[in-house]
Structures are given as structure tokens and as C-alpha cells.
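Please open the model in a viewer and keep the selection tool at hand. The tour below proposes one selection after another and describes what is found at each stop.

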Amino acid sequence: MSRVLLLNMSADTATIECGKLGVGISALEPLTSGGIRLVCMSSDGAKTARKKFNSKLIKGEVMRTRHRPTRPLW
């Protein structure tokens, strides 16, 4: 099972709710198309979060924000 969840909610709300559930967050990034990409620390945590955020899951493809520069820094 994937540890990645694409959610239609704010990063602050996701952080608070995951804290309440005891789900560890490995990465959290905003999506260009709206919402967030949440990576859980474990697959068990992802399973718990999927049950809790079922109505907030984004279906289909999304646009992610570029993390790396387009050209080398040196």
C-alpha cells in the first residue's frame, strides 16, 4: 500500500488531524492544482489516514510543485 495521500485540505488541518490520529508525517507539500500531497511515515499510518480523510481524497492526476531548479546551481 502506498504511503502517499492526495488531499483536498490545508497543510495545517492535515498536520493537526494526523497528530490527533497518531499518524507520522514524512513529507507534506502543496499541490499546484490545489490541496496537498501527504506522505505518511508508515503504511499503517496511511491506512488510518485514508479511513479518516476518505471524503477529502483527490481522485485522478494532480500537478505537483517543482522542487529542483531547472538549471544547475554551479
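## The hairpin

Begin with β2 and β3, which form a hairpin with five residues between them. Select Gly34 in the turn of this hairpin: its phi is positive, about 105°. Please bear in mind throughout that this is a predicted model.

Next, colour the two strands of the hairpin. β2 covers residues 25-30 and β3 covers residues 36-40. The two strands run antiparallel and are joined by five bridges. Two pairs may be picked out here: Leu28 has Leu38 in β3 as its bridge partner, and Glu29 stands opposite Arg37 in β3.

## The whole chain

Now zoom out to the full chain. Which elements are met on the way from the N terminus? The order is β-α-β-β-α, which amounts to two helices and three strands. The C-alpha atoms fill a box of roughly 45 × 25 × 25 Å along the principal axes.

Switch on the surface. The chain exposes about 5300 Å², and carbon and sulfur atoms supply 52% of that area. Of the 74 residues in the chain, 26% are buried. Colouring by charge brings up 13 positive and 5 negative side chains, with the centres of the two sets 3 Å apart. If contacts are displayed between residues at least 6 apart in sequence, 69% of them join residues at least 24 apart.

## Strand β3 and its second partner

Return to β3 and add strand β1, residues 4-7. These two strands also pair in the antiparallel sense, here over four bridges. Select Leu5, which stands opposite Leu38 in β3. Leu38 is thus a useful residue to keep highlighted, as Leu28 is its bridge partner in the hairpin.

Is β3 buried or exposed? Five of its five residues are buried, so the strand is largely enclosed by the rest of the structure. Rotate the view to inspect each face in turn: Ile36, Leu38 and Cys40 lie on one side, Arg37 and Val39 lie on the other, and all of them are buried.

Select Arg37 by itself. This residue of strand β3 has a relative accessibility of 17% and therefore counts as buried, the cut-off being under 20%. What is in contact with Arg37, leaving aside its neighbours within four places in sequence? The list comprises Val4, Leu5, Leu6, Ala27, Leu28, Glu29, Leu31 and Arg64.

## Helix α1

Move on to helix α1, residues 11-21, and show its side chains. Ala14, Glu17 and Cys18 are buried in this helix. Seen down the axis of α1, the buried residues fall within an arc of 100°, so they line one face of the helix. Turn the helix around to find Asp12, Ile16, Gly19 and Lys20, which are exposed on the other side.

To see what covers the buried residues of α1, display β2, β3 and α2 (43-52), which are among the covering elements. Then step past the end of the helix: α1 is followed by Gly22, with a positive phi near 75°.

## Val23 and Gly45

Select Val23, in the loop between α1 and β2. Val23 is buried, with a relative accessible area of 9%. Beyond its neighbours within four places in sequence, Val23 is in contact with Cys18, Cys40, Gly45 and Thr48. Two of the stops above reappear in this list: Cys18 is one of the buried residues of α1, and Cys40 is one of the buried residues of β3. For a distance check, draw a line from Val23 to Glu61; these residues are 38 apart along the chain, and their C-alpha atoms are separated by 24 Å.

Finally, follow the contact from Val23 to Gly45, which lies in helix α2. Gly45 is buried as well, with a relative accessible area of 10%. Which residues does Gly45 touch, not counting those up to four places away in sequence? They are Val23 and Cys40. A last line may be drawn from Gly45 to Ile16: the two residues are 29 apart in sequence and 14 Å apart in space, C-alpha to C-alpha. Ile16 is one of the exposed residues of α1, whereas Gly45 is buried.

Notes:
Residues numbered from 1 in each chain as written. Predicted model: local features only at pLDDT ≥ 70, side-chain atom pairs only at ≥ 80, totals over all residues. Heavy atoms only, no water. Buried < 20%, exposed > 50% of the residue type's maximum accessible area, 1.4 Å probe, protein only. Contact = heavy atoms within 4.5 Å. Areas by Shrake-Rupley, 256 points an atom, 1.4 Å probe, with all protein chains shown as cover. Lys, Arg positive; Asp, Glu negative; His and termini not counted. Charge placed at Lys NZ, Arg CZ, Asp CG, Glu CD. Arc of directions from axis to C-beta. Pairing = 2+ DSSP bridges.
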